[in-house]
Amino acid sequence: MNTSDFLSLLAEHQEKELLFEYTEGMLVGTNYHITEVKHMVIDSVDCGAGTDTWRETVVQLWESPSELGKPDYMTAFKALGILKKVGTIKPYTLNAELKIEYGNARFHTTQLYVNSFKVKEKQLLLKLSTVPTDCKAKEACGIVENTIYETACSPESGCC
């Protein structure tokens, strides 16, 4: 999901509570806050010496210990208000990939993708997921799907 799609989804469902499922059956607590929005520019070089640049919007969630047991989730309206205010300070790149940054005592802090969403009577549920790392230079490194040739990624190969 990109940033524009996320903002549109929130605008479309403003009256609903906004829930995040960070792993199957596990929800970010009702006591969450949006604590930071990162406008990221990734400028990378892969192991095959290929370069790439892209943008990401990272929305950080944090559970407030002082609000444990809070009965209601933040509404999409409130989240949209926060994100709009951020956008007036630092404009969004609307086609940037959206990530949700989250962690708690039972789940390591990581950046998650919005895999899908469900609209229920009073709720907008965003289902989050991780994406495993991958080699972007498989051809340059001589990597065949599911097989890594040790000599292809030796220091002398110019790869890795």
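In what sense do strand 6 and strand 7 pair, and over how many bridges? They pair in the antiparallel sense, over 6 bridges. The model behind this report is predicted.

**Overall build**

The chain holds 3 helices and 7 strands. Read from the N terminus, the elements follow the order α-β-β-β-β-α-β-β-β-α. The radius of gyration is 19 Å, well over the 15 Å that the globule rule gives for 160 residues, so the chain is more spread out than a compact globule. The C-alpha trace spans about 60 × 35 × 30 Å along its principal axes.

Of the 160 residues, 35% count as buried. The accessible surface of the chain comes to about 9,700 Å². Carbon and sulfur atoms hold 52% of that surface. Contacts with a separation of 6 or more are also worth a look: 65% of them link residues 24 or more positions apart. The chain carries 16 positive and 22 negative charges. The mean positions of these two sets are 9 Å apart.

**The sheet**

The 7 strands make an open sheet with the order 2-1-7-6-5-4-3. The pairing is mixed. Strand 2 (26-27) and strand 3 stand at the edges, each with a single partner strand, so one side of each is left without a neighbour in the sheet.

Four of the strand pairs are set out here.

| Strand pair | Sense | Bridges |
|---|---|---|
| Strand 3 (residues 32-45) and strand 4 (residues 51-63) | antiparallel | 13 bridges |
| Strand 1 (residues 17-23) and strand 7 (residues 123-129) | parallel | 5 bridges |
| Strand 5 (residues 97-104) and strand 6 (residues 107-119) | antiparallel | 5 bridges |
| Strand 6 and strand 7 | antiparallel | 6 bridges |

Single residues help to locate these pairs. Lysine 38 stands opposite valine 58 in strand 4. Glutamate 21 has lysine 127 of strand 7 as its bridge partner. Lysine 99 is matched with tyrosine 113 in strand 6. Valine 119 has leucine 124 of strand 7 as its bridge partner.

**Hairpins**

Strand 5 and strand 6 form a hairpin with 2 residues between them. Strand 6 then connects to strand 7 by a hairpin of 3 residues. The hairpin of strand 3 and strand 4 has 5 residues between the strands.

Alanine 49 lies in the loop of that last hairpin, between strand 3 and strand 4. What is notable about its backbone? Alanine 49 has a positive phi of about 70°, although it is not a glycine. Is alanine 49 buried or exposed? Its relative accessibility is 58%, so it counts as exposed.

**Two loop residues beside helix 2**

Serine 66 sits in the loop between strand 4 and helix 2 (76-89). Serine 66 counts as exposed because its relative accessible area is 68%, over the 50% cut-off. How far is serine 66 from glycine 48 in space? The C-alpha atoms of the two are 48 Å apart, with 18 residues of separation in sequence.

Lysine 90 belongs to the loop between helix 2 and strand 5. Its relative accessible area is 52%, so lysine 90 is exposed too. Lysine 90 and threonine 57 are 33 residues apart along the chain. Their C-alpha atoms are separated by 11 Å.

**Tyrosine 113**

Tyrosine 113 lies in strand 6. Why does tyrosine 113 count as partly exposed? Its relative accessible area is 23%, and that class runs between the 20% limit for buried and the 50% limit for exposed.

Which residues does tyrosine 113 touch, leaving out those up to four places away in sequence? They are Glu97, Leu98, Lys99, Lys127, Leu128, Ser129 and Val131. One of these, Lys99, is also its bridge partner. Threonine 93 is 20 residues from tyrosine 113 in sequence, and their C-alpha atoms are 17 Å apart.

Definitions and conventions: Residues are numbered from 1 along each chain as its sequence is written. This is a predicted model: local features need pLDDT of at least 70, side-chain atom pairs count only at pLDDT 80 or more; totals for chains, interfaces and linings use all residues. Side-chain values use heavy atoms; hydrogens and water are left out. Helices (H or I, at least four residues) and strands (E, at least two) are DSSP runs, numbered from the N terminus. The radius of gyration is taken over C-alpha atoms; the globule rule is 2.2 Å times the number of residues to the power 0.38. Buried means under 20% relative accessible area, exposed over 50%, partly exposed in between (1.4 Å probe, protein chains only). Contact means heavy atoms within 4.5 Å. Accessible areas come from the Shrake-Rupley method with a 1.4 Å probe; for residues, only the protein chains shown count as cover. Lys and Arg count as positive and Asp and Glu as negative; His and the chain ends are not counted. The place of a charge is taken as NZ of Lys, CZ of Arg, CG of Asp or CD of Glu. Two strands pair if DSSP finds at least two bridges between them.
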